[in-house]
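Hi everyone, thanks for making time this morning. I'd like to walk you through some side-chain contacts, rings to begin with and charges after that. Let me bring the picture up.

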Amino acid sequence: MQSQLDKPVLEQADLYDEDFFEWTRRNTELLRAGRFEQADIEHVAEEIEDMGKRDLHEVNSRVEVLVRHLLKWQLQPGKKSRSWVRTIASQRKGLAQRLDDSPSLRVKIQPNLGRNYQYAVKLAVIETGLPKNHFPAECPFTVEQILDPEFLPQVQ
């Protein structure tokens, strides 16, 4: 009787589309057993690459949410709430955890800050009702301030 691990590579690749969980289990066993020639290496490589992309997407998403709330804090002092403080703290905690797990992602924050800031402003305009020209043209916060658990911007 043929072991599940002895199935040809082509069948392993077909399994990728048919039953992803089983594909991960089998390929994990093959790799741990050192049977690389039987593993679906192309799909394994794609999945590893996608994991890095997901982590970068998470960092960008957290930065956008955090910047949006820092803007609201700065520009709408009369509407400050515990919810904003909780969101700011939660996003910083999530960012810190992700950056602890993958420190090389930290260098990706600055190059993506402009784009993330534009997304933050778009949503802040909707959430606050303030006109777009009420927001600075460029992000008024440094990466260090964004990540600093003690930083809250001065009210304008």
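Let's begin with two residues you can find on the screen: tyrosine 16 and tryptophan 23 are both buried. Please keep in mind as we go that this is a predicted model.

So how do the rings of tyrosine 16 and tryptophan 23 meet? They form an edge-to-face aromatic pair, with 4.9 Å from centre to centre and 80 degrees between the planes. There is a third ring here as well: ring pairs link Tyr16, Phe20 and Trp23 into a cluster. In the whole structure there are 4 aromatic pairs.

Another of these pairs involves phenylalanine 141 and phenylalanine 151. Their ring centres are 6.0 Å apart and the planes sit at 65 degrees, so this pair is edge-to-face; the cut-off for that label is over 60 degrees. The pair links distant parts of the chain: phenylalanine 141 is in the loop between α5 (109-128) and α6 (143-147), while phenylalanine 151 is in the segment after α6, 10 residues apart. Phenylalanine 141 and phenylalanine 151 are both buried.

Now for the charges. As a reminder, side chains of opposite charge can pair when their charged atoms come close. How many salt bridges does the structure hold? There are 10 salt bridges, and I'd like to show you three.

Arginine 98 pairs with aspartate 55, and the closest N and O atoms are 3.8 Å apart. That counts as a salt bridge because the cut-off is within 4 Å. Arginine 98 belongs to helix α4 (residues 82-101) and aspartate 55 to helix α3 (residues 41-75), so this contact ties together parts 43 residues apart in sequence.

Next, have a look along helix α3. Arginine 62 and glutamate 58 form a salt bridge at 3.0 Å, N to O. Both lie in helix α3, 4 residues apart, which is about one turn of the helix. Arginine 62 is partly exposed, at 21% relative accessible area, and glutamate 58 is partly exposed too, at 22%.

Are arginine 68 and glutamate 64 buried or exposed? Arginine 68 is buried, with a relative accessible area of 9%, and glutamate 64 is buried, also with 9%. Their side chains meet in a salt bridge of 2.9 Å, N to O. In helix α3 they are 4 residues apart, about one helical turn.

To finish, salt bridges with shared partners join Asp55, Glu58, Arg62, Arg98 and Asp101 into one network. Thanks for listening!

Notes. Residues are numbered from 1 along each chain as its sequence is written. This is a predicted model: local features need pLDDT of at least 70, side-chain atom pairs count only at pLDDT 80 or more; totals for chains, interfaces and linings use all residues. Side-chain values use heavy atoms; hydrogens and water are left out. Rings of Phe, Tyr and Trp (its six-membered ring) pair if their centres lie within 6.5 Å; planes under 30 degrees apart count as stacked, over 60 as edge-to-face and the rest as tilted. Buried means under 20% relative accessible area, exposed over 50%, partly exposed in between (1.4 Å probe, protein chains only). Helices (H or I, at least four residues) and strands (E, at least two) are DSSP runs, numbered from the N terminus.
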